[in-house]
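Subject: Handover of a structure with its ligand

Dear colleague,

I am passing on the structure below, together with notes on what turned up in it. Please read the notes with the structure open beside them.

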Amino acid sequence: MSDPNDLAAFLEEGWQYLRHGVADSRAPARYPTFATISPRGLPEARTVALRHAGQVAGVVEVHTDIATPKVAALGSNPHAALHVWVPRSNLQIRLTTHVTIQTGDAVQAAWDKVPAASRVSYGTVPDPGTPISEVYAYDKPVRRDRFAVLYCVITHIDLVHLGARHRRAEFLRSDAWKGQWLAP
Ligand SMILES: Cc1cc2nc3c(=O)[nH]c(=O)nc-3n(C[C@H](O)[C@H](O)[C@H](O)COP(=O)(O)O)c2cc1C
């Protein structure tokens, strides 16, 4: 059995699940909850798909439509939290991030990899969240110019593992991800 006191191994486990989420659409980390602060200062949370998890840079990426309210929220407050629960491993992963909204030429390579059937997710008319007269009174044209990558630079990771004895640790970018055990 591995050493339960090994902070680096605990962090590695968290990253493994994030990478699984990118690679496997059935993995729990594929669909994190992504939370922002609205321009009115209210919390907002929604499901997103995890598109990239880079441990060396400490970054995760999400794709979105720039017309969605979450992008307006990030325009007024660039911080977002991501939450994942991995039931099979009893592991909660929480990320605090600073988000850059990438569009235009910077996201061409990412756009090229978006399957044709998925491209309609970027360009809904009227804009997402607009009241409509009846249930299907909207259109979904492909709008390359509406595609954005949310480049989320992680500043803080909080891991909780539920076991016979629970384990909780936080890892800070500012501390080179050294890690600190916390009371769960
Ligand atoms: C399983 C699932 C995956 C989703 N993936 C994304 C995604 O990757 N990006 C995205 O912008 N919205 C995604 N959505 C839709 C969002 O949850 C949300 O409804 C939409 O983006 C509008 O959010 P907002 O009004 O908070 O900006 C997904 C929804 C579900 C149910």
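A backbone N or O atom of Thr 47 lies 2.7 Å from an oxygen atom of the ligand, a polar backbone atom of His 63 is 2.8 Å from a nitrogen atom of the ligand, and a polar side-chain atom of Thr 64 lies 2.6 Å from a ligand oxygen atom. On its own the ligand has 620 Å² of accessible area, of which the protein covers 59% (Shrake-Rupley method, 1.4 Å probe). The elements that give two or more residues to the shell around the ligand are β2 (43–47), β4 and α2 (69–76), where helices (H or I, at least four residues) and strands (E, at least two) are DSSP runs numbered from the N terminus.

Before going further, please note that this is a predicted model, in which local features need pLDDT of at least 70 and side-chain atom pairs count only at pLDDT 80 or more, whereas totals for chains, interfaces and linings use all residues. Residues are numbered from 1 along each chain as its sequence is written, and side-chain values use heavy atoms, with hydrogens and water left out.

The residues around the ligand, taken as those with a heavy atom within 4 Å of it, are Tyr 31, Arg 46, Thr 47, Val 48, Ala 49, His 63, Thr 64, Thr 68, Pro 69 and Lys 70. They divide into four nonpolar, four polar and two charged; here Ala, Val, Leu, Ile, Met, Phe, Trp, Tyr, Cys and Pro count as nonpolar, Asp, Glu, Lys and Arg as charged, and the others, Gly among them, as polar.

Thr 64, in strand β4 (residues 59–65), has a relative accessible area of 5% and is therefore buried (under 20%, with exposed over 50% and partly exposed in between; 1.4 Å probe, protein chains only). Its side chain also makes a polar contact with the side chain of Lys 70 at 3.3 Å (a pair of N or O atoms within 3.5 Å; within protein, one must be able to donate a hydrogen and the other to accept it, and residues adjacent in sequence count only if both atoms are side-chain atoms).

Some backbone details may also deserve a look. A cis peptide bond, with omega about -5°, joins Val 125 and Pro 126, and Pro 126 is placed in the loop between α3 (108–112) and β7 (147–161). Asn 90, although not a glycine, has a positive phi of about 55°; this residue sits in the loop between β5 (79–86) and β6 (91–102) and, at 31% relative accessible area, is partly exposed.

Best regards
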